[in-house]
Amino acid sequence: MNTDKKLFEVEHLNLLYGETKALKDINITIGEKEIVALIGPSGCGKSTFLRTLNRMNDLIENCRIEGQVKYHHENIYHKDIDIYKLRKNVGMVFQKPNPFPMSIYDNIAYGPRCQGIKKREELDRIVEDSLKKAALYEEVMDRIHDSALALSGGQQQRLCIARALAMKPDVILMDEPTSALDPIATLKIEELILELKKEYTIVIVTHNMQQAARISDKTAFFYLGELIEYNETEKIFTNPSKQQTEDYVTGKFS
Ligand SMILES: Nc1ncnc2c1ncn2[C@@H]1O[C@H](COP(=O)(O)OP(=O)(O)OP(=O)(O)O)[C@@H](O)[C@H]1O
């Protein structure tokens, strides 16, 4: 069930790469346990915006932020923010599955171990829980100490989701998580995302309009660095308020 509790409140957010403004005065609120899809043509700023939610843009030279991104009512760009804690709470899954070249078990135990969890039983429990939540446990329980690189692309992506879940986040950011997968693996990830919504907030960048319509509660349409329209997904796809949104969702431009 959706709650009306605000998780992110983004206010007057601008982002510059050097002199180029990639995000222009973005204002958006994301609620707890919502799935929010970010759509728009290539280069409109979707991934850039996604990365502002856990400060992944900090890693990019020449990148500068103005405005505020509040997470649980705290500005994450404040100088006293603990970035490691932020990224633990706001996990990320990328376009291409990127398991570490180690066993399935060690991929998931990696983050908790870095946090100082050493007890075998505790790690076993975290690994099992995370694999179950990522709907991968049944498929890999017999080969949990085998290399993660031997898994299929779809399984690798679910492993990356399990790895994020092992950190006990409350948000998962997903940047086109199914674009490298076949339709069946895509469907499995979509089912998983809908299941995860019971416990987590999910913000997902997608080029796949049907995917946004199938899984998200709300959709944000970006164009040339601006947030053109943000509303219930059904409204965006059936009765958008702005002409640009309608042109995009009906395929007049891509
Ligand atoms: N590291 C960077 N340095 C400079 N400019 C960048 C950088 N990353 C992105 N940009 C620019 O910022 C703008 C927004 O890019 P972004 O990748 O956020 O768009 P997008 O909507 O996610 O695109 P796509 O759908 O193709 O992934 C683009 O003009 C892009 O060229």
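# Briefing: Ligand Shell and Helix Packing

Helix H3 passes helix H4 in a right-handed crossing. The model described here is predicted. UniProt, in an unreviewed entry, lists residues 8-249 as "domain: ABC transporter". Over residues 8-249 the chain is 37% helix and 27% strand, and the C-alpha atoms at the two ends of that stretch are 25 Å apart. The points below treat the surroundings of the ligand and three helix pairs.

**Ligand surroundings**

- Around the ligand stand Tyr-17, Ala-22, Gly-40, Ser-42, Gly-43, Cys-44, Gly-45, Lys-46, Ser-47, Thr-48 and Ile-60.
- By class, this shell consists of four nonpolar, six polar and one charged residues.
- Which helix gives the most to the shell around the ligand? Helix H1, formed by residues 46-52, does so with three residues.

**Helices H3 and H4**

- The axes of H3 and H4, the latter spanning residues 120-133, come within 9 Å and cross at roughly 115°.
- The crossing angle therefore makes H3 roughly perpendicular to H4.
- From H3, the contact involves Tyr-105, Ile-108, Ala-109 and Pro-112; from H4, the contributors are Leu-123, Ile-126, Val-127, Ser-130 and Leu-131.
- Eight nonpolar residues and one polar residue make up the contact of H3 with H4, which has no charged residues.

**Helices H3 and H6**

- H3 (residues 104-114) also meets H6 (residues 153-165), with axes that come within 8 Å and cross at roughly 30°.
- Because of this angle, H3 is roughly parallel to H6.
- The crossing of this pair is right-handed.
- On the H3 side, Ile-104, Asn-107, Ile-108 and Gly-111 take part, and they meet Leu-159, Ala-162 and Arg-163 in H6.
- The contact of H3 with H6 comprises four nonpolar, two polar and one charged residues.
- Ile-108 of H3 belongs to the contact with H6 and to the contact with H4.

**Helices H6 and H7**

- H6 is also paired with H7, which covers residues 183-196; their axes come within 9 Å and cross at roughly 20°.
- That angle is why H6 counts as roughly parallel to H7.
- Here, too, the crossing is right-handed.
- H6 contributes Gly-153, Gly-154, Gln-157, Arg-158 and Ile-161 to the contact, while H7 contributes Ala-185, Lys-188, Ile-189 and Leu-192.
- Sorted by class, the contact of H6 with H7 has four nonpolar, three polar and two charged residues.

How values were computed:
Residues are numbered from 1 along each chain as its sequence is written. This is a predicted model: local features need pLDDT of at least 70, side-chain atom pairs count only at pLDDT 80 or more; totals for chains, interfaces and linings use all residues. A residue is near a molecule or strand if its C-beta atom, placed from the backbone, lies within 6 Å of it. Helices (H or I, at least four residues) and strands (E, at least two) are DSSP runs, numbered from the N terminus. Ala, Val, Leu, Ile, Met, Phe, Trp, Tyr, Cys and Pro count as nonpolar, Asp, Glu, Lys and Arg as charged, and the others, Gly among them, as polar. UniProt positions are given in the numbering used here, feature names are shortened, and annotations may be inferred rather than shown by experiment. Axes are lines fitted to C-alpha atoms, for helices over the stretch in contact, and angles run from 0 to 180 degrees between N-to-C directions. Angles under 35 degrees count as roughly parallel, over 145 as roughly antiparallel, 65 to 115 as roughly perpendicular and the rest as oblique. A crossing is left-handed if the near helix is turned anticlockwise from the far one by less than a right angle, and right-handed if clockwise. Two residues are in contact if their C-beta atoms, placed from the backbone, lie within 7 Å.
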